[in-house]
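Colleague: I've just opened this one and would like to talk it through with you. Shall we start with how its helices pack and then look at the empty spaces?

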Amino acid sequence: MNYCERFRVKAESAVKLNKIDAGFTDKHTDQESAIEEMKKYTQRLRELQYLLYAENKRSLLIVLQAMDTGGKDGIINHFLGNMNPQRTRVYGFKTPSAEEAAHDFLWRIHQAAPPRGQVAIFNRSHYEDVLISRVHNFVSKKIWTKRYDLINDFEKNLTRSNTHILKFYLHISEDEQLRRFKQRLDDPARQWKISEADYKEREYWDEYTKAFEDALSKCNTTEAPWFVIPANHKWFRNLAISQIVVDTLESLKMEFPRPTVDIREIEKKYHQAAKEEAVKNGKKAKERNKKKGKE
């Protein structure tokens with residue numbers, strides 16, 4: 001299945017998350033059945049990231065949004081494990097600092113935009129300013145309703161600078177979120193993630209759902225599309241996003257840049273250096289043999 005087409009939010013459509021199956025796994029019945037396909041995308045992802053860096057003409061921005069426990073950290077670990085970390089940056093956008101709050105809401109986001117040849121992953125993003133800011137009335141409705149157009153203009157500006165944007169909403173069900181909360185309670189290695197806010201924010205599930213639906217509908221453009229990824233099953237979430245990222249990078253028809261030196265001249269220098277090295281090694285070998293003979 002082509003997950004780019006399957007999960008991409010349709011143009012000018014009104015997203016209704018309760019009509020999307022968070023447990024969807026396509027033809028795969030379990031993680032084992034998806035392993036070979038995942039390996040293929042993992043290998044190709046490494047190759048394409050290297051090509052993106054070598055070509056140095058464009059960049060990739062991956063935006064991750066989800067309800068609590070939706071799996072943003074899991075996706076980041078998956079991608080960082082399969083990309084060169086020197087050419088990948090992760091940015092988390094939580095409560096703004098005093099300096100950030102003193103600027104417009106997009107100021108801190110723009111500074112994290114990826115330069116040419118690089119990949120940036122946003123763990124939460126500028127969309128928090130039409131999500132949590134809306135749900136908790138941090139700003140008035142008059143303010144946050146205007147931010148959709150500002151976000152669209154911001155993303156359009158990035159794409160004009162050859163930044164390719166992929167935005168993923170990791171869609172989990174309310175029951176799955178509760179199950180993941182229990183996993184944290186039962187696992188000492190995960191208990192550090194628990195906070196009072198987890199359950200407090202869960203009370204606003206319907207309000208967040210509406211806020212997400214509006215963001216997904218109002219800020220879905222040709223230049224910066226949204227994808228709603230079924231994320232109840234972590235392995236399928238990873239597979240679907242990997243395929244979408246790989247297919248998107250392949251569609252760019254990237255090419256390695258032409259050498260900036262005369263390859264023939266460099267080959268001559270190499271062969272001359274190799275010849276000199278062989279002569280040097282030969283002399284050293286004769287000296288060693290002479291020493292052995294005297295002994």
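Modeller: Sure, and one term first: axes here are lines fitted to C-alpha atoms, for helices over the stretch in contact, and angles run from 0 to 180 degrees between N-to-C directions. Keep in mind that this is a predicted model.

Colleague: So at what angle do helix α2 and helix α12 pack?

Modeller: Helix α2 covers residues 35-55 and helix α12 covers residues 234-251. Their axes lie 9 Å apart, and the angle is about 40°. That makes α2 oblique to α12.

Colleague: Is the crossing of α2 and α12 left-handed or right-handed, and how do the contact residues divide by class?

Modeller: The crossing is left-handed. On the α2 side, the residues in contact include Y41 and L45, while W235 and L249 are among those in α12. By class, the contact has nine nonpolar, three polar and three charged residues.

Colleague: Now the spaces: which residues are closest to the centre of the largest pocket?

Modeller: That pocket has a volume of about 1400 Å³. Several helices each give at least two residues to its lining, including α3, α9 and α12. The lining counts 15 nonpolar, 11 polar and 20 charged residues. Of the 46 lining residues, the closest to the centre are D68, K72, K94, N123 and R124.

Colleague: And which residues line the largest cavity?

Modeller: Searching the whole structure turns up one cavity of 30 Å³ or more, and the largest has a volume of about 30 Å³. Its lining has no nonpolar residues, two polar and three charged. The names are N152, E155, K156, T221 and E223.

How values were computed:
Residues numbered from 1 in each chain as written. Predicted model: local features only at pLDDT ≥ 70, side-chain atom pairs only at ≥ 80, totals over all residues. Heavy atoms only, no water. Helix = DSSP H or I, 4+ residues; strand = E, 2+ residues; numbered from the N terminus. Parallel < 35°, antiparallel > 145°, perpendicular 65-115°, else oblique. Left-handed = near helix turned anticlockwise from the far one by under 90°. Contact = heavy atoms within 4.5 Å. Nonpolar A, V, L, I, M, F, W, Y, C, P; charged D, E, K, R; others polar. 1 Å grid on protein atoms, 1.4 Å probe; cavity = no way out; pocket = protein on both sides within 12 Å on 5 of 7 lines; lining within 4 Å. Points joined across faces, edges and corners; volume = space filled by probe spheres on them.
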